[in-house]
Amino acid sequence: MQNVKDYIAQHKDRFINELIDLLKIPSVSADPAYNQDVLNTADAVKESLEKAGCDKVEICETPGYPIVYGEKIIDPNLPTVLVYGHYDVQPADPIDLWTSPPFEPVIKKTDMHPEGAIFARGACDDKGQMYMHVKALEYMTHTGNLPCNVKFMIEGEEEVGSESLAWFVPRNKEKLANDVILISDTGMIANDIPSITTGLRGLSYVEVEVTGPNRDLHSGLYGGAVANPINILTKMIASLHDENNHITIPGFYDKVEELSREERDEMAKAPFSLEDYKAALDIDDVHGEAGYTTNERNSIRPTLDVNGIWGGYTGEGAKTVIASKAYAKISMRLVPGQEWEEITELFKKHFESIAPKSVKVEVKPHHGGQGYVTPIDNIGYQAASKAYQETFGVTPIPQRSGGSIPIVALFEQELKSKTILMGFGLNSDAIHSPNEHFGVWNYLKGIETIPYFYQYFTELSK
């Protein structure tokens, strides 16, 4: 593997330009207006896998967007690594907060990325990190350094719940058979402090609708006599947390895993500056559940957040109206032990129960998934740790993430495989936000590190 740095240096500009071309395609899975762009991205991923050295690549149809499958089988007796990634991206809204157009990638230097970062929607989540694996495969196949078998499964619906993946995986267990699953859709602590994500939170996502009168009403003629759905909805939402920011839904915490003091102390060893954290977000103070630190609140504790709320008149000027309806989108991040479907039902039952008789409430479940924990004594984790040590020069820190990748639990259930989460992005890379970016250094470092995972995993599997 010693020539991997030379190979990257020789092809650096091409690697960057290929990623930029991929980022130009607005593969927004949530918006039907981008349907053809999502399909075009699948075609582009297929072509990149073929050029990288896969012997077999196919676009697999599903009830939704297709899954791109590729494989390079060099010896059935050797271990097989299954790489998962996604080619769809989040909507770019609000567009006016971007400093450059979201689908016109540019490289700009930042304090965190002095060598430059690629600014574009999907740069880090997940096109940039997915494409690291494609280029790592190219290096290994073109230089004769591929030590085991590899399969790719790249989907187009991760940002909208991976429903088609949940349909595809159980129907293709033999095709997807593997010894370990490798994903880069997470981050690390810092460029000089690598980390491996060992835990993910689950997710329950719902939309609520509150209906009052059968039409919008004049607020002068009816105000004070008829329930205002917007007022009611905001009161209901406010009641979902108590004065300690504890979620008030009955039964919500019944299956929450409580970490030991020793485990919490280990987590606390990860470098963290509260002042830097607040400065980066331009906030005067943090906010969350009493009794837990900031890093615990966003990783090992469940949460409930309103992701959007609307109703009534929101245009220019004034319109004195009592709206007929009000809406909100709400997500709950869950910890291992909490069943997302059970939590969704608990939310629905509670939210409907606290509504006054003056309104009607409907709770519409969207999607969800289970939390996940990877044991650090697993040979996959050990191979990843050795790979980071090789290229970063230090041992990575195991870290639980606040994010959710619901399909990880699905993989273990259906494919009986452990998942290793090797992320190379940073928390400051603004994924899901305006001005998303991915450091050029991080992108190339991922390409350098991933081949060592294959080497060490193959060695440890003997």
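This is a short walk through one predicted model, taking its sheets, helices, pockets and unusual backbone sites in turn.

I will start with the four-stranded sheet. It is open, its strands come in the order β11-β13-β9-β14, and the pairing is antiparallel. At the edges stand β11, residues 303–311, and β14, residues 360–369. Each of these two has a single partner strand, so one side of each is left without a neighbour in the sheet. From one strand to the next, the twist averages 15°.

Inside that sheet, look at β9, residues 202–211, and β13, residues 325–334. Ten bridges join them, and the two strands run antiparallel. If you want one position to find on screen, take Y205, whose bridge partner in β13 is S331. Which helix packs on this sheet? That is α6, which touches β9, β11, β13 and β14. The direction of α6 makes about 15° with that of β13.

A general remark on strands, for anyone turning the model as I speak. In a regular strand the side chains alternate between the two faces of the sheet.

Next is the three-stranded sheet. This one is also described as open, with the order β4-β5-β18 and antiparallel pairing. β4, residues 106–108, and β18, residues 437–439, are the edge strands, and each pairs on one side only. Neighbouring strands here are turned by 30° against each other on average, with direction ignored. β5 covers residues 117–119, and three bridges join β5 to β18. Within that pairing, I118 stands opposite F438 of β18.

Two helices lie across this sheet. Helix α1, residues 4–23, lies across β4 and β5, and runs at about 20° to β5. Helix α13, residues 440–460, lies across β4, β5 and β18, and its angle to β18 is about 60°. So much for the sheets with helices on them.

There is also a hairpin to mention. It joins β1 to β2 through six residues. β1 is residues 56–60 and β2 is residues 67–72; five bridges join them, and they run antiparallel. K56 has E71 in β2 as its bridge partner.

Now the aromatic side chains. A search of the whole structure finds 14 aromatic pairs. I will show one of them, Y84 with F411, which is edge-to-face, at 5.5 Å centre to centre and with 65° between the planes. Why pick this pair? Y84 lies in strand β3, residues 80–86, and F411 in helix α12, residues 407–415, so the pair ties together parts that are 327 residues apart in sequence.

On to empty space, beginning with the second largest pocket. About 380 Å³ of space lies in it. Its lining has 15 residues, and the closest to the pocket centre are T198, E263, E266, M267 and P398. Which element gives the largest share of the lining? β16 does, with four residues. Both α7, residues 261–267, and β16, residues 397–400, supply at least two residues each. By class, this lining has eight nonpolar, three polar and four charged residues.

Then the cavities. The count comes to two of 30 Å³ or more. The largest cavity has a volume of about 40 Å³. Among the residues that line the largest cavity are G251, F252, K255, Q338 and E342. That lining divides into three nonpolar, three polar and four charged residues. The second largest cavity has a volume of about 30 Å³. Its lining is E257, E258, L259, R264, Y292, I300 and R301. Here the classes are three nonpolar, no polar and four charged.

Last, the backbone. Most residues other than glycine have a negative phi, and most peptide bonds are trans. Against that background, three places deserve a look.

The first is a cis peptide bond joining D93 and P94, with omega about -5°. P94 is in the loop between β3 and β4. Another is the peptide bond from D125 to D126, which is cis with omega near 0°. D126 is found in the loop between β5 and α3, where α3 is residues 127–142.

The remaining place is N245. Its phi is near 60°, a positive value in a residue other than glycine. N245 lies in the loop between α6, residues 229–238, and α7. We met both helices earlier: α6 packs on the four-stranded sheet, and α7 supplies part of the lining of the second largest pocket.

Notes:
Residues numbered from 1 in each chain as written. Predicted model: local features only at pLDDT ≥ 70, side-chain atom pairs only at ≥ 80, totals over all residues. Heavy atoms only, no water. Pairing = 2+ DSSP bridges. Axes fitted to C-alpha atoms, helices over the stretch in contact; angles between N-to-C directions. Contact = heavy atoms within 4.5 Å. 1 Å grid on protein atoms, 1.4 Å probe; cavity = no way out; pocket = protein on both sides within 12 Å on 5 of 7 lines; lining within 4 Å. Points joined across faces, edges and corners; volume = space filled by probe spheres on them. Nonpolar A, V, L, I, M, F, W, Y, C, P; charged D, E, K, R; others polar. Phe/Tyr/Trp six-rings, centres within 6.5 Å; stacked < 30°, edge-to-face > 60°.
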